[in-house]
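Got the viewer open? Let's take a short tour, one selection at a time.

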2 protein chains.
Amino acid sequence: MVTIDDVARLAGLSKSTVSRVINNYPHVSPAKKQKVYQAMDALGYVPNSSARSLRNKKTQMIAVLVPRLMNPFFGQLVESMEIEATKNGFQLLICQTMYSKETELGHLELLKMKQVDGMILASLENEWETVSEYLPYGPLVMCNEFEDSANIPIIKLDQIHGGYIATKHLLRQGHRKLAYCTGGHKSMVGQHRKIGFEKALKEHGLTFENRYGFFSAYSIEHGIEVFKQIHQMKDPPTAVFTGSDEVAAGIITGAKEYGVDVPGELSVIGFDNQVISKIMDPKISTVEQPIELMAQQSIQVLIETIKSKDFPKRERYEFPLELIIRESTVSGPLRAV
Amino acid sequence: MVTIDDVARLAGLSKSTVSRVINNYPHVSPAKKQKVYQAMDALGYVPNSSARSLRNKKTQMIAVLVPRLMNPFFGQLVESMEIEATKNGFQLLICQTMYSKETELGHLELLKMKQVDGMILASLENEWETVSEYLPYGPLVMCNEFEDSANIPIIKLDQIHGGYIATKHLLRQGHRKLAYCTGGHKSMVGQHRKIGFEKALKEHGLTFENRYGFFSAYSIEHGIEVFKQIHQMKDPPTAVFTGSDEVAAGIITGAKEYGVDVPGELSVIGFDNQVISKIMDPKISTVEQPIELMAQQSIQVLIETIKSKDFPKRERYEFPLELIIRESTVSGPLRAV
DNA sequence: CTGTTAGCGCGTTCAT
DNA sequence: ATGAACGCGCTAACAG
């Protein structure tokens with residue numbers, strides 16, 4: 001392995017000078033600078049990153065915590081994060097919690113080992129109280145997930161409004177019996193959507209009906225299952241709000257199997273605006289989430305915090321969601337939207 | 001920051017002894033071992049990973065090179081890799097090439113910086129000749145992608161057979177005018193599928209027809225576009241082989257718009273067995289790829305190579321592909337399969 | 001079984 | 001503007 005000493009020797013200079021040109025310090029004579037550059041690529045020298053990290057106490061790496069990557073939402077999120085991180089000279093370490101508290105905690109240890117300079121939490125399995133204990137070891141930023149009591153930067157979407165506009169759309173189409181079908185009570189994301197859902201309901205003099213609530217639907221298969229349950233009800237809902245396009249697609253798939261017309265007999269709205277929503281038949285009405293913006297902002301805020309060397313500050317960034325009306329909620333010509 | 005010295009001091013022992021218990025060396029007296037453990041968690045000590053890396057010349061990190069994560073194939077691949085890496089005490093660094101040669105080369109530099117112990121190439125934008133120059137800096141393993149001249153481990157799928165069985169299925173359904181619609185000539189994956197395609201054709205006395213060839217279809221949108229082109233032909237194909245379920249979905253979507261029945265007037269076969277293939281209407285016949293197995297094997301082989309400290313050996317692992325017949329290629333009752 | 005010592009490769013005072 | 005020397009935190013000889 002070729003080290004900075006080798007370069008120094010070949011250039012007839014000292015390590016210090018070589019180090020200075022590597023990190024482009026101001027006061028180095030152009031002549032010697034040239035000699036160093038020549039020696040460097042004559043030897044094919046590249047600085048050793050472990051040595052730098054040890055010396056600088058900075059690894060130029062950040063980690064992102066996600067439940068799992070197969071979920072297209074997180075795939076997109078991480079894709080955008082990697083691009084933004086690379087652009088800023090950072091590497092992205094990927095950590096899947098697989099919805100496990102222990103696994104999440106294990107990944108958090110990276111902070112203590114100083115293996116990463118900071119971490120983005122796009123998943124939160126443990127209580128914030130537990131997670132916050134890692135704060136002294138490096139900056140944390142939340143992305144998408146959130147927790148009001150957390151005094152760190154949080155980059156999120158306006159999920160209340162998301163739930164609201166989707167529901168409002170259903171109500172405006174004349175529906176009064178709305179099912180609510182999402183994954184996981186636990187996540188604040190889901191809770192906020194429900195608040196938006198209920199807010200819209202209330203404006204029309206309605207309240208949440210427990211028999212129309214389904215809280216463990218994450219996948220297409222779950223969607224199919226939920227449809228079957230709905231189908232057997234004696235007083236079934238005429239529309240269903242879902243937490244993801246996959247679940248919506250599942251419900252539609254189930255409806256097809258049973259010969260139930262969507263949106264004629266049952267309207268379905270998704271969430272995420274994934275590709276799947278554009279090609280299902282009927283095309284799925286959904287809520288678009290500005291994933292890329294959120295990812296970029298998260299990276300930028302984290303990197304700023306890292307550079308500032310301060311404790312992360314309590315900051316909130318919220319991006320808007322947008323209703324996208326397609327076919328799964330609208331039969332015939334559009335009514336008032 | 002609490003260091004190994006702090007622990008040693010508190011335990012009333014030397015650094016070496018502490019180091020020995022951390023790395024569980026055989027000959028340490030149980031009594032002192034206890035003292036060390038007590039001191040360690042009294043102080044909340046965690047070894048600094050940069051220091052370890054510098055000393056051991058091993059970072060316990062591997063990188064995976066993919067085109068981009070949004071593609072569900074790579075999402076699944078990376079998900080499985082992360083799990084397997086974590087299980088083996090390694091971290092996974094994610095590197096997207098975004099289909100750019102320069103970006104790919106940039107990521108390869110991680111090897112020179114000794115930031116990772118090895119790298120998995122699930123993408124190959126540059127010539128192998130170019131990439132192979134990085135071999136002296138750390139082990140490389142190819143996954144999914146391949147290159148015959150590369151004397152490194154390659155974990156791949158039998159794409160020739162995949163192309164063959166899909167095509168054979170179409171031919172057995174009675175089709176004689178087959179379109180071929182995939183992304184990118186460049187990749188060996190695509191080339192092998194085409195070999196399989198032509199092999200099947202040949203067995204039925206047919207040859208590849210250039211006017212039926214489409215080579216830049218990656219997405220749903222491309223699929224729709226391709227359908228339009230097919231639709232305008234005076235002597236259109238009756239079946240189309242595609243390189244991904246997304247493209248197949250696009251073609252089906254296009255067909256719907258123009259009122260062309262699938263599979264009645266046009267059969268379409270996908271590739272990958274992504275969720276989308278299960279919920280399109282009609283459900284898409286496709287070829288299942290054992291992504292998880294391939295990912296696990298890649299990680300294992302790479303880690304073995306890293307540990308052996310030898311140069312990577314020329315090895316080939318090939319996993320089988322499986323035809324999955326659904327609705328997009330079969331009208332009415334199944335004929336011979 | 002345990003402690004002392006010497007680097008790993010780099011950046012950074014502190015001199016000059 | 002440049003060089004000498006020290007130390008980041010850790011592991012691995014080498015002694016004993």
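How many residues surround DNA strand C, and which are the closest? Select strand C and look around: 29 residues surround the strand, and the closest are A:Ile4, A:Tyr45, A:Arg55, B:Ser16 and B:Arg20. Here a residue is near a strand if one of its heavy atoms lies within 4 Å of it. Of the atoms of strand C that come within 4 Å of the protein, 58% belong to sugar and phosphate.

Before going on, some housekeeping: this is a predicted model, where local features need pLDDT of at least 70, side-chain atom pairs count only at pLDDT 80 or more, and totals for chains, interfaces and linings use all residues. Residues are numbered from 1 along each chain as its sequence is written, chains are lettered from A and ligands numbered from 1 in the order in which they are written, and side-chain values use heavy atoms, with hydrogens and water left out.

Next, click A:Arg55: an N or O atom of its side chain sits 2.4 Å from a base nitrogen of DNA strand C. Then try B:Lys57, where a side-chain N or O atom is 2.9 Å from a sugar or linking oxygen of the strand.

Now show chains A and B together. Each brings 46 residues to the contact (heavy atoms within 4.5 Å). Find B:Asp281 and A:Lys256: they form a salt bridge, with their closest N and O atoms 3.6 Å apart. A salt bridge is a side-chain nitrogen of Lys or Arg within 4 Å of a carboxyl oxygen of Asp or Glu. Between chain B and chain A, the count is four salt bridges.

Notes:
A polar contact is a pair of N or O atoms within 3.5 Å; within protein, one must be able to donate a hydrogen and the other to accept it, and residues adjacent in sequence count only if both atoms are side-chain atoms.
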